[in-house]
Amino acid sequence: MTDPVTHLIHHPYTPPPGFAAPQPGVFKASTVIFANVAAMRARDWKTKAGYTYGLHGTPTTFVLEERIAALEGGHHCILVPSGLAAITHVNMALLRAGDEVLIPDNAYGPGKALAEGELAAWGISHQVYDAMDPADLAARIGPQTRLVWLEAPGSVSMEFPPLVQLAQVCRERGVTSALDNTWGAGLAFNGFDLGGPGAGADIVVQALTKYPSGGGDVLMGSIVSRDDALHLKLKLCHMRVGWGVGVNDVEAVLRSLPSMALRYRAHDQAARALAGWLGGRPEVAQLLHPAFAGSPGHAHWQALCGGDGQADGARGSAAGLFSVVFQERHTPAQVDAFCDRLRLFKLGYSWGGPISLVVPYEMAAMRRNWPHKGTLVRFSVGLEAVQDLRADLEQALQALA
Ligand SMILES: *Cc1c(COP(=O)(O)O)cnc(C)c1O
């Protein structure tokens, strides 16, 4: 089988003929013109056999959909205007009043906020489960549970859950599972085949905003599935709701995809180099990076992402993210000063672009049983030279002296 990375460049899908160039064409349209009334009446927006209206796809969006589906190891892809919209869309398409959705306690925060806000207002209940404990998930699945969200690693706290077992619980209980695969990006592991072929999530979403875009200049999300009926359900909702993505943005992601695996590896290597160094500093109480042995869930990461366990982070895939918990003796104000003092690491949300970013978090307000007392800082490592980033961290640590 062709490696998905190669599929990003040599993809078998071809849009209708008429223009042959190595790069996909950029087609922008709301209106699509039909040859005659019969053709108009015979329109079919459910498949990629033809075009009906810009909102339902153009040759350009079809190409990106096919490439993201191949990247994730799925069959169908739907594009939406952001990663959060992908999460929203799956919830909207699959949940009705009276249903329940289960969300990991360490999930991407806005996904939880959606459950507490709009989903609750629509009569859809939710529970949060302990992502590190498949028995806790199993115990929470009830007759109303229609959807379980999975995510790896935990947002900000970076603990790597037993994804294989969590997905297995969902399968055994006949509940649809949806994985937020933004961190893995389709490169670190295959979300559909976690415990073997087909023994994974039913739906895999990703914030294309992050690594697939890679530029920090696009907001987009993808929803990938394998099952035809499940895809049709998602697609019907998509048609009724009316999410559109800008073709300039689609073009930007198509341009970035061929370099994505290289960028991912570079972010990964730089993050491990910096995490290993910073994690060993006396100011730091706990390093949170799944490729390091002392990090929660390291063994799950190693089993799924191919870490060989020889040395901390020697092999396997990880993204460019890590967090540290500073020693309790460093006050939150001092840690803020450390962040403010950084020059190359900028204060800002999101990640996956060329610029390194840093965010301090108040974890006690975000998690039920957060075990650490010191302040957590999350680093997203960009593509700058590692020695410059390390020097930046080193000078900023003086704020803690
Ligand atoms: C960034 C992110 C999202 C949301 O993506 P946006 O495009 O910013 O809405 C969802 N899930 C995870 C894990 C993310 O990191």
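This is a guided tour of the model, stop by stop, beginning at the ligand.

The model is predicted: local features need pLDDT of at least 70, side-chain atom pairs count only at pLDDT 80 or more, and totals for chains, interfaces and linings use all residues. Residues are numbered from 1 along each chain as its sequence is written, and side-chain values use heavy atoms, with hydrogens and water left out.

**Stop 1: the ligand**

Select the ligand. The ligand sits in the largest pocket. A pocket here is found on a 1 Å grid over the protein atoms alone, as an open set of points with protein on both sides within 12 Å along at least five of seven lines. A molecule sits in a pocket if more than half of its atoms lie within 2 Å of its grid points.

Now show the shell of residues around the ligand. A residue belongs there if one of its heavy atoms lies within 4 Å of the molecule. The shell has 13 residues, and the closest are Gly-83, Leu-84, Asp-180, Thr-209 and Lys-210. Colour the shell by class: six residues are nonpolar, four polar and three charged. In this scheme Ala, Val, Leu, Ile, Met, Phe, Trp, Tyr, Cys and Pro are nonpolar, Asp, Glu, Lys and Arg are charged, and the others, Gly among them, are polar.

Which helix gives the largest share of the shell? Helix α4 (residues 83-94) does, with three residues. Helices (H or I, at least four residues) and strands (E, at least two) are DSSP runs, numbered from the N terminus.

Next, display the polar contacts, which are pairs of N or O atoms within 3.5 Å; within protein, one atom must be able to donate a hydrogen and the other to accept it, and residues adjacent in sequence count only if both atoms are side-chain atoms.

- Gly-83: a backbone N or O atom lies 2.7 Å from a ligand oxygen.
- Leu-84: a backbone N or O atom lies 2.9 Å from an oxygen atom of the ligand.
- Lys-210: a side-chain N or O atom is 2.5 Å from a ligand oxygen.

The ligand has 380 Å² of accessible area on its own, and the protein covers 88% of that. Accessible areas come from the Shrake-Rupley method with a 1.4 Å probe; for residues, only the protein chains shown count as cover.

**Stop 2: Thr-209**

Stay with the shell and pick Thr-209. Thr-209 lies in the loop between β6 (203-207) and β7 (221-225). Is Thr-209 buried or exposed? Thr-209 is buried, because its relative accessible area is 8%. The cut-offs are under 20% for buried, over 50% for exposed, and partly exposed in between (1.4 Å probe, protein chains only). A polar atom of the Thr-209 side chain lies 3.0 Å from the backbone nitrogen of Met-220.

**Stop 3: backbone geometry**

Most residues other than glycine have a negative phi, and most peptide bonds are trans. The next three selections depart from that pattern.

Go to Pro-153, in the loop between β4 (145-151) and α7. The peptide bond from Ala-152 to Pro-153 is cis, with omega near -15 degrees.

Then select Ala-185, in the loop between β5 (176-180) and β6. Its phi is positive, near 60 degrees. Ala-185 counts as buried, at 0% relative accessibility.

Ser-350 follows, in the loop between β10 (346-347) and β11 (357-361). Phi of Ser-350 is positive too, near 75 degrees. Ser-350 counts as partly exposed, at 29% relative accessibility.

**Stop 4: helices α6 and α7**

Select Ala-135 in helix α6 (residues 134-140). Ala-135 is exposed, at 51% relative accessibility. Measure from Ala-135 to Gln-165: the C-alpha atoms are 9.4 Å apart, with the two positions 30 residues apart in the numbering.

Move to Glu-172 in helix α7 (residues 163-172). Glu-172 is exposed, with a relative accessible area of 60%. The C-alpha atoms of Glu-172 and Ala-138 are separated by 9.5 Å, and the residues are 34 apart along the chain.

**Stop 5: His-298 and Ser-323**

Pick His-298 in helix α11 (residues 298-305). His-298 is buried, at 12% relative accessibility. Its side chain reaches the backbone oxygen of Phe-292 at 3.4 Å.

Finish on Ser-323, in strand β9 (residues 321-326). Ser-323 is buried, at 0% relative accessibility. From Ser-323 to Leu-150, 173 residues away along the chain, the C-alpha distance is 20 Å.

How values were computed. On a 1 Å grid over the protein atoms alone, a cavity is a set of points where a 1.4 Å probe fits but cannot get out, and a pocket is an open set with protein on both sides within 12 Å along at least five of seven lines; lining residues have an atom within 4 Å of a point.
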